Amino acid sequence: MVLCGLRAVLYGARMNSKPSDPQRPNLLLIQCDQWNARCLSALGHPNVKTPNIDRLAAEGTIFTNAYCQNPICMPSRISMHSGQYLSTNHQFGFTGFCDRRMPWLPLHMQQNGYATGAFGKYHTLACTPEH
């Protein structure tokens, strides 16, 4: 199965900790563009088979009631990573004002001892703090 626009952001293994440490769990955040969440066998789709995602879901958390801030991928990602509405971060499309001082989830994770990485379609480097 090919998933267009699938990307994973790894807020990776805690530095100097055991994977089973309940105080510092390993985190994997998967964000998908243009993929209907109902198309997961873990959520009961009768035809779509997603065994690897199903295993991640069984061992983690699925957010089934989430809302997107913008139908365009980049401002939506920036809202999620900054924790801000578009009216605050002024990112309404593929261009806009990005204040590099705004809160940033990967930077917050790094400041709290996590190694972070982004893989796939990210497109938010214009807004990323210079760290």
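**Helix 2, the largest pocket and a nonpolar surface patch**

In helix 2, the buried residues are Cys-73, Met-74, Pro-75, Ser-76, Arg-77, Ile-78, Ser-79, His-81 and Ser-82. The structure described here is a predicted model. Because 9 of the 10 residues of helix 2 are buried, this helix is largely enclosed by the rest of the structure; a residue is taken as buried when its relative accessible area is under 20%. Immediately after helix 2, a positive phi of about 75° is adopted by Gly-83.

Helix 2, which spans residues 73-82, also contributes to the lining of the largest pocket. This pocket holds about 1800 Å³ of space. Its lining consists of 41 residues, of which Leu-29, Ile-30, Gln-31, Cys-32 and Phe-63 are the closest to the centre of the pocket. At least two lining residues are supplied by each of strand 2 (27-32), helix 1, helix 2 and helix 4 (105-111). Strand 2 provides the largest share, with 6 residues. By residue class, the lining of the largest pocket comprises 24 nonpolar, 12 polar and 5 charged residues.

Ile-30, one of the residues closest to the centre of the largest pocket, is also part of a nonpolar surface patch. The patch covers about 250 Å² and is formed by Ile-30 together with Leu-28 and Leu-56. Leu-56 is located in helix 1, which runs over residues 51-59. With a relative accessible area of 37%, Leu-56 is classed as partly exposed, because this value lies between the limits of 20% for buried and 50% for exposed residues.

Conventions
Residues are numbered from 1 along each chain as its sequence is written. This is a predicted model: local features need pLDDT of at least 70, side-chain atom pairs count only at pLDDT 80 or more; totals for chains, interfaces and linings use all residues. Side-chain values use heavy atoms; hydrogens and water are left out. Patches are made of residues with over 30% relative accessible area and no salt bridge: like charges are joined within 9 Å, nonpolar side chains (Val, Leu, Ile, Met, Phe, Trp, Tyr) within 5 Å. Accessible areas come from the Shrake-Rupley method with a 1.4 Å probe; for residues, only the protein chains shown count as cover. A salt bridge is a side-chain nitrogen of Lys or Arg within 4 Å of a carboxyl oxygen of Asp or Glu. Helices (H or I, at least four residues) and strands (E, at least two) are DSSP runs, numbered from the N terminus. Buried means under 20% relative accessible area, exposed over 50%, partly exposed in between (1.4 Å probe, protein chains only). On a 1 Å grid over the protein atoms alone, a cavity is a set of points where a 1.4 Å probe fits but cannot get out, and a pocket is an open set with protein on both sides within 12 Å along at least five of seven lines; lining residues have an atom within 4 Å of a point. Grid points are joined across faces, edges and corners, and a volume is the space filled by probe spheres set on the points. Ala, Val, Leu, Ile, Met, Phe, Trp, Tyr, Cys and Pro count as nonpolar, Asp, Glu, Lys and Arg as charged, and the others, Gly among them, as polar.
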